[in-house]
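Hi there,

Here is the structure I promised to pass on to you. Have a look at it first, and then read my notes below.

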Amino acid sequence: MALGESADRDANRALRARFDEVYGQYQQLRSGVDELHRKLAELRVTRRSDDGRVTVVVGARGELISVELDPAIYRDRDARGLARTITETALRAAAAAADATRELTTGYLPEGTGAADFLRTGDLSALLGRADAALRGQG
């Protein structure tokens, strides 16, 4: 066997091993994404108004699932107050859902990509700045 053939085989083995490693990481990430998708679909956040007469349930994106009103709420006959209470309770539920979603997704994101930081801080400019820096480094 020629020296060149041996070097080619060694290089091919190394490439195959690296491919297997990367493919394994991809499969793990893919299965994690499926699990994350399921958990997000099942996520429900419930909040009650301060007076306990309004209960709001939202999903992972803060979408309204249900509103329950205690029958005692109708005694006040204050439509504006009721609307304000429902709105405030729904906003609190949506904010809690955003926090829960962020916490849940962070565990599935690769370290060092900036995506987890973006989810924590909401700072899109920092995320785009990382992408710009990476592109400049390649250019």
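**What I found**

Arg92 is partly exposed, with a relative accessible area of 34%. Keep in mind that this is a predicted model, so please read everything below in that light. I start with Arg92 since its side chain has a partner: Asp50 and Arg92 form a salt bridge, with 3.9 Å between the closest N and O atoms. This pair links distant parts of the chain, as Asp50 is in the loop between S1 and S2 while Arg92 is in helix H2, 42 residues apart. Asp50 counts as exposed, at 79% relative accessibility.

**The overall layout**

Now step back and look at the whole chain. There are four helices and three strands in it, and along the sequence they follow the pattern α-β-β-β-α-α-α. Of the 139 residues in the protein chain, 18% are buried. The accessible surface is about 10200 Å², and 54% of that belongs to carbon and sulfur atoms. You can also ask how contacts span the sequence: among those between residues at least 6 apart, 40% join residues at least 24 apart.

**The three strands**

Next, find the strands. S1 (residues 45-48) and S2 run antiparallel and are joined by four bridges. One pairing to look for is Thr46 with its bridge partner Val57 in S2. The hairpin of S1 and S2 has five residues between the strands, and Gly52 takes a positive phi near 80 degrees there.

On to the next pair: S2 and S3 (residues 64-69) also run antiparallel, joined by five bridges. Here Val58 has Leu64 in S3 as its bridge partner. The hairpin of S2 and S3 has five residues between the strands, with Gly62 at a positive phi near 85 degrees.

How many residues of S2 are buried? Five of the five residues in S2 (residues 54-58) are buried, so to speak a mostly covered strand by the definition of under 20% relative accessible area. In a regular strand, side chains alternate between the two faces of the sheet. In S2 both faces are covered: Val54, Val56 and Val58 are buried on one side, and Thr55 and Val57 are buried on the other.

**The nonpolar core**

Which residues make up the largest nonpolar core? There are eight: Val45, Val54, Val56, Val58, Ile73, Ala93, Ala96 and Ala97. S2 and H2 are the elements that give two or more residues to this core. As a general point, nonpolar side chains tend to be buried together in soluble globular proteins.

Val58 is a good residue to click on. Leaving aside neighbours within four places in sequence, its contacts include Leu43, Val45, Leu64, Ala93 and Ala97.

**More salt bridges**

The structure holds seven salt bridges. In general, side chains of opposite charge can pair when their charged atoms come close. Besides the Asp50 pair, have a look at helix H1. Lys39 and Glu35 form a salt bridge with an N to O distance of 3.3 Å. Both lie in helix H1, four residues apart, which is about one turn of the helix. Lys39 counts as partly exposed at 29% relative accessibility, and Glu35 counts as partly exposed at 33%.

Glu42 and Arg38 form a salt bridge too, with the closest N and O atoms 3.3 Å apart. These two also lie in helix H1, four residues apart, about one turn of the helix. Glu42 counts as exposed at 51% relative accessibility, whereas Arg38 is partly exposed at 41%.

There is also a network of salt bridges that links Asp51, Arg53 and Asp76.

**Two last things on the surface**

Where is Arg77? Arg77 sits in the loop between S3 and helix H2 (79-106). Although Arg77 is not a glycine, it has a positive phi of about 55 degrees. Arg77 counts as exposed, at 78% relative accessibility.

Finally, Phe19, Tyr23 and Tyr26 make a nonpolar surface patch of about 330 Å². Phe19 has its place in helix H1 (residues 3-42). Phe19 is partly exposed, with a relative accessible area of 45%.

Have fun exploring!

Key: Residues are numbered from 1 along each chain as its sequence is written. This is a predicted model: local features need pLDDT of at least 70, side-chain atom pairs count only at pLDDT 80 or more; totals for chains, interfaces and linings use all residues. Side-chain values use heavy atoms; hydrogens and water are left out. Patches are made of residues with over 30% relative accessible area and no salt bridge: like charges are joined within 9 Å, nonpolar side chains (Val, Leu, Ile, Met, Phe, Trp, Tyr) within 5 Å. Accessible areas come from the Shrake-Rupley method with a 1.4 Å probe; for residues, only the protein chains shown count as cover. A salt bridge is a side-chain nitrogen of Lys or Arg within 4 Å of a carboxyl oxygen of Asp or Glu. Buried means under 20% relative accessible area, exposed over 50%, partly exposed in between (1.4 Å probe, protein chains only). Two strands pair if DSSP finds at least two bridges between them. Contact means heavy atoms within 4.5 Å. A nonpolar core is a set of buried Ala, Val, Leu, Ile, Met, Phe, Trp, Tyr and Cys residues joined through side-chain atoms within 4.5 Å.
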